[in-house]
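Hi everyone, thanks for coming. Please have a look at the structure on the screen, and I'll walk you through it step by step.

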Amino acid sequence: MSGKRAFLDLLKQEGVEIVFGNPGTTELQLMDAFATETDIRYVLGLQEAALMAMADGYAQASGKLAVVNLHITPGLGNAMGMLYDAQKAASPILVTAGSTTRVFTATEPILWADLPTIARPLVKWSAEVHRLADLPRMVHRAAKTALAPPTGPVFLSLPGDILNDDADIDLLAPTRVAPRLRGDKAAVEAAAALLAGAQRPVIMAGDAIAQSRAHAELVELAELLGAPVYTEFVPNTASFPTSHPLFPRCDDPPCPGRAQDFGAIRPVVLGRRRSVHAVVAVRRRSDAARHQARAPRHRRLGTRQELSA
């Protein structure tokens, strides 16, 4: 698959229906891809400030991710005034610009500049794709960042050789940050289902959580899951002061002090005290027998060798 084809397919994965653009020579690759594209509408504008305003209005009215494709340095420069407005309006916009093929950048060809640096003051995240294999990850990250609260514009520079190259590309899949800042029910239920289905759950809690009023809820969650809790990754520092059997002391070797000691782990981050309480409340077990059958096995998982096994 070519980079230009992959880029449009990635936009479709993110639910993009319209791309606003003012193309130049560095955008010819995308124009070639749009010639055979039927699912994404291309809206042509004759000046970049007007295009940014159109994308800003579309993003605010629809709540969807808007996409703007500009022409290298002058095009990005023309759009900066309205990009400032989009930043202040917290509009979720993916701003892209074509860039010179990278084999020429060492000679600083006409129109070339460090595009991510120019855009960075007015966007949440700004980057350039340097490898075709990184294109899916960076497009998904850009969309996720733009739509994550607080929403706002992001910028991605697309060199011509990245769009022209062909390779076997894993398009990955979109991910999202839960939109509600407090108690997002769907996110809490998804986290609870992940925890409840874990075969060998391990809780890694920072000292700030362990020493707060959330301690009792942390203990309750650990008992509910039958999961050992480690509260400090550095063995020579003070660990969580408890004698609970599910809280092995990390200053008594052997201690899993590095992430690789846990093997393949899919972490669930519980950042707020409310989140811990919500997970406990949502997934509280009515079947005590199931917990009793699981807990002894997890209480025995204290050494590095057993965790790796």
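I'll begin with the whole protein, then go through the sheet, the cores and two single residues.

One thing to keep in mind: this is a predicted model. The protein has 309 residues, and 46% of them count as buried. Its secondary structure comes to 13 helices and 8 strands. The accessible surface is about 15,700 Å², and 55% of that belongs to carbon and sulfur atoms. Now think about which parts of the chain meet. Take the contacts between residues at least 6 apart in sequence: 77% of them join residues at least 24 apart.

Let's move to the sheet. In what order do the strands of the open sheet sit? The order is S2-S1-S3-S4-S6-S5, which makes 6 strands, with parallel pairing. Strand S2, residues 41-44, and strand S5, residues 126-128, stand at the edges. Each of these two has a single partner strand, so one side of each is left without a neighbour in the sheet. From one strand to the next, the twist averages 20 degrees.

We can walk across the sheet, beginning at the S2 edge. S1 and S2 run parallel and are joined by 4 bridges. For a landmark, find Ile18, which stands opposite Arg41 in S2. To get from S1 to S2, look for helix H2, residues 28-34: S1, H2 and S2 make a right-handed β-α-β unit.

Are the faces of S1 covered or open? Both are covered: Ile18 and Phe20 on one side are buried, and so are Val19 and Gly21 on the other.

Next comes strand S3, residues 66-71, which runs parallel to S1 and is joined to it by 3 bridges. Here you can pick out two facing pairs: Val19 stands opposite Val67, and Gly21 stands opposite Asn69. How many of the residues of S3 are buried? The count is 6 of its 6 residues. Ala66, Val68 and Leu70 point one way from the strand, while Val67, Asn69 and His71 point the other way.

S3 then pairs with S4 in the parallel sense, over 6 bridges. Within that pairing, Val68 has Val95 in S4 as its bridge partner. The chain goes from S3 through helix H4, residues 72-88, to S4, and this β-α-β crossover is right-handed.

At the other edge, 3 bridges join S5 to strand S6, residues 154-159, and the two run parallel. Ser126 stands opposite Phe155 in S6. Helix H6, residues 135-147, packs on the sheet here, touching S4, S5 and S6. The direction of H6 makes about 160 degrees with that of S6.

Now for the nonpolar cores. The largest one has 31 residues, and those with the most contacts inside it are Phe7, Leu11, Leu94, Leu135, Leu156 and Leu158. H1, H2, H6, S6 and H7 each supply at least two residues of this core. Which element gives the most? That is H6, with 6 residues. Try clicking on Leu94: among the residues it touches are Leu11, Val68, Ala142 and Leu156. There is also a second, separate core of 25 residues, which includes Ala59, Val68, Ala97 and Ala119.

Finally, here are two loop residues to compare. Glu14 lies in the loop between helix H1, residues 3-13, and strand S1, residues 18-21. Is Glu14 buried or exposed? Its relative accessible area is 7%, so Glu14 is buried. Beyond its sequence neighbours, Glu14 touches Leu65, His140, Ala143, Pro174 and Arg176. Glu14 and Lys144 are 130 residues apart in sequence, but their C-alpha atoms are 8.9 Å apart in space.

The other residue is Val177, in the loop between helix H7, residues 160-164, and helix H8, residues 185-196. Val177 is partly exposed, because its relative accessible area is 41%, and partly exposed covers the range between 20% and 50%. Leaving out residues up to four places away in sequence, Val177 touches Lys144, Ala148 and Pro149. Val177 and Pro149 are 28 residues apart along the chain, and 7.8 Å separates their C-alpha atoms.

That's the end of my tour, so please ask away!

Methods. Residues numbered from 1 in each chain as written. Predicted model: local features only at pLDDT ≥ 70, side-chain atom pairs only at ≥ 80, totals over all residues. Heavy atoms only, no water. Buried < 20%, exposed > 50% of the residue type's maximum accessible area, 1.4 Å probe, protein only. Contact = heavy atoms within 4.5 Å. Pairing = 2+ DSSP bridges. Axes fitted to C-alpha atoms, helices over the stretch in contact; angles between N-to-C directions. Areas by Shrake-Rupley, 256 points an atom, 1.4 Å probe, with all protein chains shown as cover. Right-handed = clockwise from strand over helix to strand, strands pointing away. Core = buried A, V, L, I, M, F, W, Y, C linked by side-chain atoms within 4.5 Å.
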